[in-house]
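Hi,

Here is the structure I promised to pass on. Have a look at it first, and then read my notes underneath.

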Amino acid sequence: MNARNRRPLKPLPLPLWVQGAIEVLIAAVISAMLVLIPLVVIWSGGGFAATGIDFIARMGGQVWLAIHGVPLHLTIESATTSADTQTGTFWFLPWGLVLLPLFLGWRAGRRLARASYRDQIWQPLAGGAGVYALVGLMTSLLVPNGMVGINPLWGTLLPTGVMVVALLAGARREAGSWGRLIGMDLAERIERLSQHSRWAGSYVWSVVRAGFVGLMTAFGLAAALMAVQIGLHWADVAQVYQQLGAGVWGGAVITVAQLGVLPNLAMWTLAWTSGAGFSLGSGSVVAPLQTAVGPQPAVPLLSALPVGLEPVWSWVFLLLPVLAGFLAGWWLLREGENHFDEWLSLKINARWASMTLSTLALGVFVAAATAVLAILPLWLSSGSLGVGRLVELGPEAWLAAIMLGGLVGLGTMFGHLVSPFWEGYELVLPEAWTGEESDGGPAGRDG
C-alpha cells in the first residue's frame, strides 16, 4: 500500500462505564494521597514515636474512611492493666476535609457529563460507583488493627454514597438541567397540571426557598460571629499553640485539622445563636443563657469558646436568626409568589384579617421549612470521638433545628410585613384581590 494512502488509526472511544471507573479511581487516589502525605511528613520528622511505615499506611486508610463518614470502633488498652480498656465508636465528619472527595467527585461528574449523551449518565455513574465501592471495601478490610475496627459494609456503602452524590452534583452542574441530564422535562410535566396545582406548587417552592435563604443567612451571620470571637481571643489561641510545643510540622498539622473542623464550629455557633447551644462532652453545655464545661483537650480554637458571657447580654445574639428571617421575608416579597395570601383575600373581605392569617401561616411554613433543611446539617456537624468525655460533641440536632426555625419564621413575618414600605409596593391591589379583572393568579377569571 502506498504510504500516502495510509491513514493513522484512530483510537476507539472507551465505553462510558470504563470512563466513569477511571475518573473515580483517579479521584480516590488523589484524595488518599492528600491524606497520606501529611502523615508521612510527620513520620519522617520523628513523629508517631517508633512506628513503621505500615502503621502510617493503615492510619491513612482509617482517616480516609473517617472523612467519608465511616464509623471507627476504638479499643484502647491501658499500659498498666487490661481492666482499664476503653471502647467506643469514633464518628465525626470534619466538613473541611470532607470537601476533598466531594470536590474531586464533583469535578469527575462534570467531565463524565461532557462525555455522555442524554439519558446515558447512568452508565459512567454505575461504573464509578462500582469502583469506589471496591476501593472502600478493600480499604476497610486492609487497614483495621488491634485498636481500630471497621465494619466492611459501612466501609463500602458510605464512601460510595458520598461519591455518587458528588458525581450527580457535578453532572447536574455541567448539564444545566435535570432534563438534559436524565431526559425528563420537569417543566413540561408541570405544564400538564391544573392552574390551581401550579399556584400551590409555586407557593410551596417559594416557602422552601425562603427557608433556605433564612438558613444560609443565619449560617453566614453565625460564621461571622465565630470569626469575631476567634479574633478577640487570638492571644489565648496563640498561648495554647506555645504550650503544645508541637514544632513546625506538628503545628501545621494541628492548623490543618482545625481548618477541617472550622465549618463544624460555625454550625455549632449557629446552634448557639438559636438558644439550643451545643455540647463539648458528656454533661457539658455551651448556650447563650447557660454554660457549663469541664476540662477540655488542648485544642487552640477551643480557647475562643463563648464562656463567661453575661446572660443579660447573651440573649441579644438570639436576634441573629431573627435578622436572617427578616431578610428571608424581604426576599420572599421580591422573588416569591404568595398565592396563599391572594386566595385568603378572596375568601375574607376584611383585608387586615386575611393579611394577618396569611402572614402567620407564612411564618409557620417558613419556620417548618428552615427546621427541616437545618436538621441534617446540624446532625452531620456533631459526632463522637469514641472514648473519654468527648463522646457527645455538637448540638442536639432536633432541638436546635426547631428553635432556629422558630426564630427565622418570626423574622420572616416581620420582614414580609415591613419590606413593602421601602420597596414601593402597595399593600392593597383592588383589581387583583377583588377578582374583577385579572389575567393570572388565583384572583383571575379561572380562579
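Below is what I found, going from salt bridges to strands and then to two of the helices.

Before anything else, please keep in mind that this is a predicted model.

**Salt bridges**

How many salt bridges does a search of the whole structure find? The answer is three.

Let me start with Arg111 and Glu23, whose side chains meet at 2.8 Å, N to O. This pair links distant parts of the chain, with Arg111 sitting in helix H3 (residues 95-115) and Glu23 in helix H1 (residues 16-44), 88 residues apart. As for their surroundings, Glu23 has 14% relative accessibility and therefore counts as buried, the cut-off being under 20%. Arg111, at 36%, counts as partly exposed.

Glu174 is the residue to click on next. One of its salt bridges goes to Arg110, with the closest N and O atoms 2.8 Å apart. Because Glu174 lies in helix H5 (residues 152-175) and Arg110 in helix H3, this pair ties together parts that are 64 residues apart in sequence. Both ends are partly exposed: Glu174 has a relative accessible area of 26%, and Arg110 comes out at 23%.

Glu174 also forms a salt bridge with Arg114, where the closest N and O atoms are 3.3 Å apart. Here again distant parts of the chain are linked, from Arg114 in helix H3 to Glu174 in helix H5, 60 residues apart. Arg114 has a relative accessible area of 51%, so it is classed as exposed, for which the cut-off is over 50%. Which residues end up in one network through shared salt-bridge partners? They are Arg110, Arg114 and Glu174.

**Strands**

Now to the strand pairing around S2. Strand S1 (residues 72-76) and strand S2 (residues 86-92) pair in the antiparallel sense, over five bridges. If you want a spot to check by eye, Leu74 has Gly88 in S2 as its bridge partner. S2 is also joined to strand S7 (residues 383-384) by two bridges, and these strands run antiparallel as well. There, Phe92 has Gly383 of S7 as its bridge partner.

**Helix H2**

I also checked the length of helix H2 (residues 53-66). Its 14 residues should span 20 Å at 1.5 Å a residue, and the end C-alpha atoms are 20 Å apart, so the two values agree. Which residues of H2 are buried? They are Ile56, Met59, Gly60, Gly61, Gln62, Trp64, Leu65 and Ala66. The buried residues of H2 pack against a mix of helices and strands: H1, H4 (122-142) and H5 on the helix side, and S1, S2 and S3 (148-149) on the strand side.

**A residue in H5**

One more for your list is Thr160, which lies in helix H5. Is Thr160 buried or exposed? With 13% relative accessibility, Thr160 counts as buried. Leaving aside residues up to four places away in sequence, Thr160 touches Ala129, Tyr132 and Ala133.

If you only have a few minutes, I'd begin with the network of Arg110, Arg114 and Glu174, and then turn to the packing of the buried residues of H2.

Cheers

How values were computed
Residues numbered from 1 in each chain as written. Predicted model: local features only at pLDDT ≥ 70, side-chain atom pairs only at ≥ 80, totals over all residues. Heavy atoms only, no water. Salt bridge = Lys/Arg side-chain N within 4 Å of Asp/Glu carboxyl O. Helix = DSSP H or I, 4+ residues; strand = E, 2+ residues; numbered from the N terminus. Buried < 20%, exposed > 50% of the residue type's maximum accessible area, 1.4 Å probe, protein only. Pairing = 2+ DSSP bridges. Contact = heavy atoms within 4.5 Å. Expected span 1.5 Å × (residues − 1).
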